[in-house]
Amino acid sequence: MIIQTFKTNDIVTMKLVTGEEVISKFVSGETDSYKVNKPLVLSITPNGVAMTPFLFTAELNGDINIPKHVVVAIAITEKSTSGQYIKGTTGIEPATTSDFSKLL
């Protein structure tokens, strides 16, 4: 079995026992929880899939802990989704490989 390890600032996706899929910036893995920053949930809207706040009424400037016993799976987020997450949470659009080929 391959056990994936995560580094601070990795963008990770977690599937929770509630069925929610959470995308967030990984801060650290504690003994009984994952510490994350800026968690967003994938939601189905009339216009397709969207990233919405994990907690609508909370101040999310700091880190939050998600207990490990509610996480079914955790993995590094796929590159294009990770780019959308970064753009949505920071306003910065990550460069792609094709962007570098335009410089040559």
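Me: Two strands pair if DSSP finds at least two bridges between them. What makes strand 2 and strand 3 count as a pair, and in which sense do they run?

Reply: Six bridges join strand 2 to strand 3. The definition asks for at least two, so they qualify as a pair. They run antiparallel, and they form a hairpin with three residues between them. For one example of a bridge, look at Ser28, whose partner in strand 3 is Lys35.

Me: Hang on, what kind of model am I looking at?

Reply: This is a predicted model: local features need pLDDT of at least 70, side-chain atom pairs count only at pLDDT 80 or more, and totals for chains, interfaces and linings use all residues. Residues are numbered from 1 along each chain as its sequence is written, and side-chain values use heavy atoms, leaving out hydrogens and water.

Me: How many helices and strands does the protein chain have, and what makes something a helix or a strand?

Reply: They are DSSP runs, numbered from the N terminus: H or I over at least four residues for a helix, E over at least two for a strand. By that rule the protein chain has two helices and six strands. Read along the sequence, the pattern is β-β-β-β-β-β-α-α.

Me: Which strands does strand 3 pair with in the antiparallel sense, apart from strand 2?

Reply: Strand 3 pairs with strand 5 over five bridges, and there Tyr34 stands opposite Ile66. Strand 3 also pairs with strand 4, over six bridges. Leu40 has Pro53 in strand 4 as its bridge partner, and a hairpin joins strand 3 to strand 4 through two residues.

Me: Why is Ser24 called buried?

Reply: Buried means under 20% relative accessible area, exposed means over 50%, and partly exposed is in between (1.4 Å probe, protein chains only). Ser24 sits at 0%, so it counts as buried. You'll find Ser24 in strand 2 (residues 21-29). Not counting residues up to four places away in sequence, Ser24 touches several residues, including Asp10, Met14, Lys38 and Tyr85; a contact means heavy atoms within 4.5 Å.

Me: And Val22, buried or exposed?

Reply: Val22 has 0% relative accessibility, so it is buried. Val22 lies in strand 2. Its contacts, again skipping residues up to four places away, include Val12, Leu16, Phe54 and Ile66. Val22 and Ile74 are 52 residues apart along the chain, yet their C-alpha atoms are separated by 9.3 Å.

Me: Why is Lys38 called partly exposed?

Reply: Its relative accessible area is 32%, which falls between the two cut-offs, so Lys38 is partly exposed. Lys38 is in strand 3, and although not a glycine, it has a positive phi of about 55°. Most residues other than glycine have a negative phi. Asn9 has a positive phi too, near 80°, and is found in the segment before strand 1.

Me: What makes a group of residues a nonpolar core, and which members touch the most others here?

Reply: It's a set of buried Ala, Val, Leu, Ile, Met, Phe, Trp, Tyr and Cys residues joined through side-chain atoms within 4.5 Å. The largest one here has 14 residues, of which Met14, Leu16, Tyr34, Phe54, Ile66, Val71 and Ile74 touch the most other members. Among the elements giving two or more residues to this core are strand 1 (11-16), strand 5 (63-67) and strand 6 (71-76). Leaving aside neighbours within four places, Leu16 is in contact with Val22, Phe54, Ile66, Val70, Val71 and Val72.

Me: How do you know that the span of helix 1 agrees with what it should be?

Reply: The expected span is 1.5 Å times one less than the number of residues. For the twelve residues of helix 1 (residues 79-90) that gives 16 Å, and the end C-alpha atoms are 16 Å apart, which agrees. Just after helix 1, Gly91 takes a positive phi of about 85°.

Me: Which residues of helix 1 are buried, and how do you know which side they are on?

Reply: Ser82, Gly83 and Tyr85 are buried. They cover an arc of only 160° around the axis, which puts them on the same side of helix 1; the arc uses the directions from the helix axis to the C-beta atoms. Their cover includes strand 1, strand 2, strand 3 and strand 4 (48-53).
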